[in-house]
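The exercises below are meant to be worked with the sequence and the coordinates open side by side. Each task is followed by a solution that goes step by step.

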Amino acid sequence: VQQLIQLLSDDTSYTIDFHISGTLYRLDNVIQNTILFAIRELFVNGKTYSGVDKLMIGLTYESNRVLLNVSDNGHGFDYGSFIQSAEYGVKKLGLYLIEKRVTLLNGKIEVESELQKGCSIKIYIPKIS
């Protein structure tokens, strides 16, 4: 994750604030790949669509799950309208694919966004024993 954050930081003019908390443990490869995919996709979305100048990425290791929290100070969007769009899952694949991957891992995703107030996306993925 830290290598990806460094590569993304080198590729942008905005600030990426990254932190890890909790007691670290080895994540299953599928969970690792899902987290990396989500970070990269949300970075690209922020860079391309939302006028971001700061992206905050937090990875929290909890005893029974991992939490990825990605927040920005960009334009935000109306999530309800976004997921009901006829293009959702067709042309607007990024967030759709993140949601599908997380669901396959029995996780959940929470999106909080408001126009002109930024966006916060929390992804919870259960630990695989």
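**Exercise 1.** Determine how many bridges join β3 to strand β5, and in which relative direction the two strands run.

*Solution.* In this predicted model, β3 and strand β5 (residues 119-126) are joined by 8 bridges, and the two strands run antiparallel. To fix the register, take D72, whose bridge partner in β5 is C119. As for solvent, β3 is mostly covered, since 6 of its 8 residues are buried, where buried means under 20% relative accessible area.

**Exercise 2.** Describe the pairing of strand β2 with strand β3, and find the residues that stand opposite each other.

*Solution.* Begin with the strand limits: β2 covers residues 54-61 and β3 covers residues 65-72, and the two run antiparallel with 7 bridges between them. The connection is a hairpin, which leads from β2 to β3 through 3 residues. Two pairs then set the register: Y61 stands opposite V66 in β3, and L59 has L68 of β3 as its bridge partner.

**Exercise 3.** Work out the order of the strands in the sheet, and name the edge strands.

*Solution.* The sheet is open and has 5 strands, which follow the order β1-β2-β3-β5-β4 with mixed pairing. Its edge strands are β1 (15-22) and β4 (108-113), each of which pairs on one side only. From one strand to the next, the twist averages 10°. Helix α1 (residues 2-10) packs on this sheet, where it touches β1 and β2, and the direction of α1 makes about 170° with that of β1.

**Exercise 4.** Characterise the packing of helix α2 against helix α4 by the crossing of their axes.

*Solution.* Two packed helices are described by the angle between their axes and the distance between the axes. For helix α2 (residues 29-49) and helix α4 (residues 93-104), the axes come within 10 Å and cross at roughly 160°. Angles over 145 degrees count as roughly antiparallel, and α2 is therefore roughly antiparallel to α4. The handedness of the crossing of α2 and α4 is left-handed. On the α2 side the contact is made by N33, T34, F37, A38, E41, L42 and N45, while α4 contributes G94, L95, L97, I98, R101 and V102. Sorted by class, the contact of α2 with α4 has 7 nonpolar, 4 polar and 2 charged residues.

**Exercise 5.** Locate K117, and decide whether K117 is buried or exposed.

*Solution.* K117 has its place in the loop between β4 and β5. Because its relative accessibility is 61%, K117 counts as exposed, the cut-off being over 50%. When residues up to four places away in sequence are not counted, K117 touches G74 and H75. The C-alpha atoms of K117 and D72 are separated by 8.9 Å, although these residues are 45 residues apart along the chain.

**Exercise 6.** Locate S81, and find which accessibility class S81 counts as.

*Solution.* S81 is found in helix α3 (residues 79-84). With a relative accessibility of 44%, S81 counts as partly exposed, because this class lies between under 20% for buried and over 50% for exposed. As a last step, consider S81 and D17, which are 64 residues apart along the chain and whose C-alpha atoms are separated by 29 Å.

Conventions:
Residues are numbered from 1 along each chain as its sequence is written. This is a predicted model: local features need pLDDT of at least 70, side-chain atom pairs count only at pLDDT 80 or more; totals for chains, interfaces and linings use all residues. Side-chain values use heavy atoms; hydrogens and water are left out. Axes are lines fitted to C-alpha atoms, for helices over the stretch in contact, and angles run from 0 to 180 degrees between N-to-C directions. Helices (H or I, at least four residues) and strands (E, at least two) are DSSP runs, numbered from the N terminus. Angles under 35 degrees count as roughly parallel, over 145 as roughly antiparallel, 65 to 115 as roughly perpendicular and the rest as oblique. A crossing is left-handed if the near helix is turned anticlockwise from the far one by less than a right angle, and right-handed if clockwise. Contact means heavy atoms within 4.5 Å. Ala, Val, Leu, Ile, Met, Phe, Trp, Tyr, Cys and Pro count as nonpolar, Asp, Glu, Lys and Arg as charged, and the others, Gly among them, as polar. Two strands pair if DSSP finds at least two bridges between them. Buried means under 20% relative accessible area, exposed over 50%, partly exposed in between (1.4 Å probe, protein chains only).
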